[in-house]
Amino acid sequence: MNGSYNLEVRIADVDEADEPVFHTSGRLESNDPLLVLQFPLPPFSIEFAKQGEYRLQLLIDGEIMIERRLTVRERGGESRQAHGIAGG
């Protein structure tokens, strides 16, 4: 990457019919295209409203660069939550 970019991380339902259940964004700047950059995520806890498929997406300047499927299921009375690295 060489320049200044808008970076977004979001988790949305598979159809993107509802608002994302998680969203954060920030600006990345680099003058070295070989530099590995880190983007710290704030602590978070997500309550999923329903079971089903969701998408974890990384966008740069509004374009999806990486997308991974998440399947949310209820397990034995546990709530449907996902915790971030620092959100424990």
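A residue counts as buried when its relative accessible area is under 20%. By that cut-off, 25% of the 88 residues in the protein are buried. The model is predicted. The fold has six strands and zero helices.

**Overall layout**
- From the N terminus, the elements run β-β-β-β-β-β.
- Among contacts with a separation of 6 or more, 54% link residues 24 or more positions apart.
- The protein exposes about 6,300 Å². Carbon and sulfur atoms supply 48% of that area.

**Nonpolar core**
- The largest nonpolar core has twelve residues.
- Its aromatic members are Tyr 5, Phe 22, Phe 44, Phe 48 and Tyr 54.
- Its aliphatic members are Leu 7, Val 9, Ile 11, Leu 28, Ile 46, Ile 60 and Val 72.
- Strands β1 (3-13), β2 (22-30) and β4 (52-60) each give two or more residues to this core.
- The largest share, four residues, comes from β1.
- Leu 7 is one of the core residues. Setting aside residues up to four places away in sequence, Leu 7 touches Thr 24, Ser 25, Gly 26, Leu 28, Phe 39, Leu 58, Leu 59 and Ile 60.
- Of these partners, Leu 28 and Ile 60 are also listed in the core.

**Aromatic pair**
- The count of aromatic pairs comes to one.
- Phe 48 and Tyr 54 form this pair, with ring centres 4.7 Å apart and 65° between the planes.
- The pair is edge-to-face, because the angle is over the 60 degrees that this class requires.
- Phe 48 has a relative accessible area of 4%. Tyr 54 also stands at 4%.
- Both values are under 20%, so Phe 48 and Tyr 54 count as buried.
- Phe 48 and Tyr 54 both belong to the twelve-residue core.

**Around Glu 8**
- Glu 8 lies in strand β1.
- Its side chain joins that of His 23 in a polar contact of 2.8 Å.
- Beyond neighbours within four places in sequence, Glu 8 is in contact with His 23, Thr 24, Ser 25, Gln 57, Leu 58, Leu 59 and Gly 62.
- Thr 24, Ser 25, Leu 58 and Leu 59 appear among the contacts of Glu 8 and also among those of Leu 7.
- Phe 39 is in contact with Leu 7. From Glu 8, Phe 39 is 31 residues away in sequence and 9.8 Å away in space, C-alpha to C-alpha.

Terms used
Residues are numbered from 1 along each chain as its sequence is written. This is a predicted model: local features need pLDDT of at least 70, side-chain atom pairs count only at pLDDT 80 or more; totals for chains, interfaces and linings use all residues. Side-chain values use heavy atoms; hydrogens and water are left out. Buried means under 20% relative accessible area, exposed over 50%, partly exposed in between (1.4 Å probe, protein chains only). Contact means heavy atoms within 4.5 Å. Accessible areas come from the Shrake-Rupley method with a 1.4 Å probe; for residues, only the protein chains shown count as cover. A nonpolar core is a set of buried Ala, Val, Leu, Ile, Met, Phe, Trp, Tyr and Cys residues joined through side-chain atoms within 4.5 Å. Rings of Phe, Tyr and Trp (its six-membered ring) pair if their centres lie within 6.5 Å; planes under 30 degrees apart count as stacked, over 60 as edge-to-face and the rest as tilted. A polar contact is a pair of N or O atoms within 3.5 Å; within protein, one must be able to donate a hydrogen and the other to accept it, and residues adjacent in sequence count only if both atoms are side-chain atoms.
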